[in-house]
Amino acid sequence: MKKPIVALIYDYDGTLSPGNMQEFGFIQSVGRTPDEFWDMSNRLAVGQDAGNVLSYMKMMYDEAHRAGIPLTRDRIREFGKRIELYEGVKEWFSLINEYGNAHGVRVEHYINSSGLKEIIEGSPIAGEFKHVFAGTFIYNDKGEAEWPGNAVDYTAKTQFLFKINKGIFSSQDTKIVNSSIADDKKRIPFPNMIYMGDGETDVPCMKIVGMFGGHSIAVYNPFNEKKEKVALKLKRQGRVHFTTPAIYTKDSRAYRIVCAIIDKIKADSELQRLSR
């Protein structure tokens with residue numbers, strides 16, 4: 001009998017890392033402070049009535065050119081090496097994999113982020129993920145970014161849940177993801193999904209996962225009272241099932257919650273098998 005697959009799906013900024021990924025090297029390299037950069041990006045979005053994600057990507061492009069920095073894929077990945085992570089994140093994946101394996105399930109980890117795939121690919125935990133769904137640039141013949149390839153906002157993130165559900169690992173695909181597939185043929189059923197995010201931009205994904213029988217967890221910076229209030233608000237409104245500080249050690253609340261969900265998924269899978 002095949003082991004059921006459990007998909008742990010993470011937002012990145014604010015969920016695995018305490019800040020926006022551009023703030024760990026890129027913004028400093030162009031001579032700006034994070035406040036300056038995001039203020040410029042937000043003013044561009046408001047002034048042009050544009051999306052925030054496309055605005056920050058254009059701001060990255062413009063600021064890199066102004067500073068004379070070639071915005072190549074390798075250069076962007078270099079910034080990923082400097083990303084700070086919450087306590088326990090580096091060990092988290094092996095801990096959960098070991099627990100899943102010991103309890104009869106296979107765990108896969110996914111990123112679903114409005115950040116940049118190239119930065120995530122350079123981060124210390126890049127190798128832990130089955131797939132990374134995130135924003136990307138298109139590169140010219142010189143290998144330099146010249147146009148957005150994928151801009152992933154909070155509603156665009158929802159499409160990737162259905163791709164994970166059907167086992168599609170391409171951001172470009174629009175055919176298979178919209179095709180009709182019997183539930184028992186889908187690679188990872190929604191009840192086997194655990195979505196972890198830090199804020200209101202994750203709400204559409206949290207709602208969809210919950211509507212189809214999955215599990216959602218709002219995490220928050222344990223040293224930021226405002227972030228904790230956002231998480232508690234989401235729980236109070238019924239948008240998430242659980243809240244937890246963004247601490248990923250073996251003795252953490254996050255670990256206990258995820259392990260309990262894995263136990264439930266395994267038990268549900270066994271009951272379904274026995275009912276046939």
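This note sets out numbered points on a predicted model of a single chain, going from the overall fold to individual residues.

1. Overall form. The chain holds ten helices and seven strands. Its radius of gyration is 19 Å, in agreement with the value near 19 Å that a compact globule of 276 residues would have, while the C-alpha trace spans about 65 × 45 × 35 Å along its principal axes.

2. Burial and contacts across the chain. Of the 276 residues, 48% are buried, and the accessible surface comes to about 13600 Å², with 49% of that area belonging to carbon and sulfur atoms. Among contacts with a separation of 6 or more, 63% are accounted for by residues 24 or more positions apart.

3. The largest nonpolar core. This core has 59 residues, and the members that touch the most others are Trp 92 and Met 196. Helix α10, residues 253-274, supplies the largest share, which is eight residues. Apart from this core lies another one, of 24 residues, whose members include Ala 7, Val 152, Leu 161 and Met 193.

4. The surroundings of Trp 92. When neighbours within four places in sequence are left aside, Trp 92 is in contact with Tyr 10, Met 196, Tyr 248, Ala 254, Tyr 255 and Val 258. Met 196 is thus both a contact of Trp 92 and, with Trp 92, one of the two residues that touch the most other members of the largest core.

5. Strand β3 and its two partners. Strand β3 covers residues 131-139, and eight of its nine residues are buried. Towards strand β2 (residues 106-116), β3 runs parallel and is joined by four bridges, with Tyr 110 standing opposite His 131 of β3. Towards strand β4 (residues 145-150), the pairing is antiparallel and also rests on four bridges; here Ile 138 has Trp 147 of β4 as its bridge partner.

6. The hairpin of β3 and β4. Five residues lie between the two strands of this hairpin, and Gly 143 takes a positive phi near 80 degrees there.

7. Asn 112, a polar residue under cover. Asn 112 is found in strand β2, and its relative accessible area is 0%, so it counts as buried. Its side chain reaches the backbone oxygen of Lys 157 at 3.0 Å. Not counting residues up to four places away in sequence, Asn 112 touches Ile 9, Tyr 10, Asp 11, Phe 133, Lys 157, Phe 160, Leu 161, Tyr 195 and Cys 205. Two of these names recur elsewhere in this note: Tyr 10 is also a contact of Trp 92, and Leu 161 is a member of the core of 24 residues.

8. Helix α8 and its packing. In α8, residues 203-211, the buried positions are Val 203, Cys 205, Met 206, Ile 208 and Val 209. An α-helix has 3.6 residues a turn, so residues three or four places apart point the same way. The buried residues of α8 pack against strand β2, helix α7 (157-166), strand β5 (193-197), strand β6 (215-220) and helix α9 (225-236). Just after α8, Gly 213 takes a positive phi of about 95 degrees.

9. Asp 49, a backbone angle to check. Asp 49 is a residue other than glycine with a positive phi, near 50 degrees. Most residues other than glycine have a negative phi, and most peptide bonds are trans. Asp 49 is found in the loop between α2 (34-48) and α3 (52-66), where its relative accessibility of 74% lies over the 50% cut-off, so that Asp 49 counts as exposed.

10. Two lysines and residues remote from them in sequence. Lys 58 has its place in helix α3 and is partly exposed, at a relative accessible area of 42%; its C-alpha is 9.4 Å from that of Glu 146, although the two residues are 88 apart in sequence. Lys 90 lies in helix α5, residues 89-102, and counts as exposed at 53% relative accessibility. The C-alpha atoms of Lys 90 and Ile 125 are 6.5 Å apart, with the residues separated by 35 in sequence. Beyond its neighbours within four places, Lys 90 is in contact with Leu 85, Pro 124, Ile 125 and Glu 128.

Note on methods
Residues numbered from 1 in each chain as written. Predicted model: local features only at pLDDT ≥ 70, side-chain atom pairs only at ≥ 80, totals over all residues. Heavy atoms only, no water. Buried < 20%, exposed > 50% of the residue type's maximum accessible area, 1.4 Å probe, protein only. Pairing = 2+ DSSP bridges. Core = buried A, V, L, I, M, F, W, Y, C linked by side-chain atoms within 4.5 Å. Contact = heavy atoms within 4.5 Å. Rg over C-alpha atoms; globule rule 2.2 N^0.38 Å. Areas by Shrake-Rupley, 256 points an atom, 1.4 Å probe, with all protein chains shown as cover. Polar contact = N/O pair within 3.5 Å; in protein donor to acceptor, adjacent residues only side chain to side chain.
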